[in-house]
Amino acid sequence: MLDPIITKETLSFLIELKNNNNREWFTENKVEFKRHEQNVKGFFDAVAGKLGTHDEIERVKMFRIYRDVRFSKDKTPYKAHLAGSFSRAGAQRRGGYYLHIEPGKSFLATGFWNPNKEDLLRIRKELEQDASELREIIAQNDFKTIWGQLEGDELKTAPKGFDKEHMDIDLIKKKQYIFTKNFTDKQVLSAGFADDVNESYRAIRPFFDFMSDVLTTNLNGESLLN
């Protein structure tokens with residue numbers, strides 16, 4: 001059975017939505033939107049099935065098309081993209097997968113976008129003690145070919161309590177630990193896109209395994225899980 005695909009019609013609809021981002025137009029075209037949304041949801045479900053062959057996925061979540069404009073200068077009511085996430089199952093599996101479909105701007109993202117202060121401190125303490133394993137993982141050629149460089153916002157200097165001259169301060173001062181991968185519209189529309197997404201996600205696993213081990217143990221390596 002062939003996988004569901006992202007269609008050219010869906011990308012065209014998103015372009016129209018971007019150009020007509022108002023409630024009147026959206027109300028008139030809501031039935032068509034729901035059809036495209038359902039198609040993309042089917043694609044996400046197919047990706048989740050593939051992920052399930054090498055990871056345990058607890059939930060697939062499609063994000064709403066409506067924008068929260070309460071604190072934004074941009075008052076357009078709708079997003080011009082469709083996106084969702086795949087949540088890993090169990091407290092021992094950390095990290096998550098994100099998929100963003102937008103004409104000319106489709107991408108995957110994985111990692112730790114907004115770690116809470118306890119997790120961030122634990123990661124920094126681990127890297128202060130020994131960052132060699134993480135550096136080895138992200139320096140692997142196969143890994144870099146797919147995911148490129150580690151990304152994320154960072155402090156301008158060392159976090160409080162850390163040495164600004166530490167040899168791994170470039171990693172320690174990060175506030176996010178994420179990777180992204182961009183796709184062209186041609187790639188998104190291809191019959192093999194679901195496999196491309198899955199294989200990209202599969203390649204991030206060594207990074208997830210390392211971070212999961214860090215975030216579920218203390219600095220002595222003792223489990224924090226019951």
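This is a short talk about one helix and one sheet in the structure above.

Okay, hi everyone. One thing before we start: what we're looking at is a predicted model.

Let's begin with helix H1, residues 8-19. How far apart should the ends of H1 be? Well, at 1.5 Å a residue, its twelve residues should span 16 Å, and the end C-alpha atoms sit 17 Å apart, so that agrees.

Now, which residues of H1 are buried? They're Thr10, Leu11, Phe13, Leu14 and Leu17. These buried residues cover an arc of only 155 degrees around the axis, so they lie on the same side of H1. If you look at the spacing, remember that an α-helix has 3.6 residues a turn, so residues three or four places apart point the same way. On the face turned away from that buried side, H1 carries the exposed residues Lys8, Glu9 and Asn19.

And what covers the buried residues of H1? The cover includes three helices, H2 (23-28), H3 (30-51) and H8 (185-189), along with strands E2 (82-88) and E3 (96-101).

Those two strands bring us to the sheet. E2 and E3 belong to an open sheet of five strands, in the order E1-E2-E3-E4-E5, with antiparallel pairing. At the edges you'll find E1 (57-62) and E5 (177-183), and each of them pairs on one side only. On average, neighbouring strands in this sheet are turned by 15 degrees against each other, if you ignore direction.

Let's zoom in on one pair. E1 and E2 run antiparallel to each other and share five bridges. If you want a spot to click on, try Arg59: its bridge partner in E2 is Ser87.

That's it from me, thanks!

Terms used. Residues numbered from 1 in each chain as written. Predicted model: local features only at pLDDT ≥ 70, side-chain atom pairs only at ≥ 80, totals over all residues. Heavy atoms only, no water. Helix = DSSP H or I, 4+ residues; strand = E, 2+ residues; numbered from the N terminus. Expected span 1.5 Å × (residues − 1). Buried < 20%, exposed > 50% of the residue type's maximum accessible area, 1.4 Å probe, protein only. Arc of directions from axis to C-beta. Contact = heavy atoms within 4.5 Å. Pairing = 2+ DSSP bridges. Axes fitted to C-alpha atoms, helices over the stretch in contact; angles between N-to-C directions.
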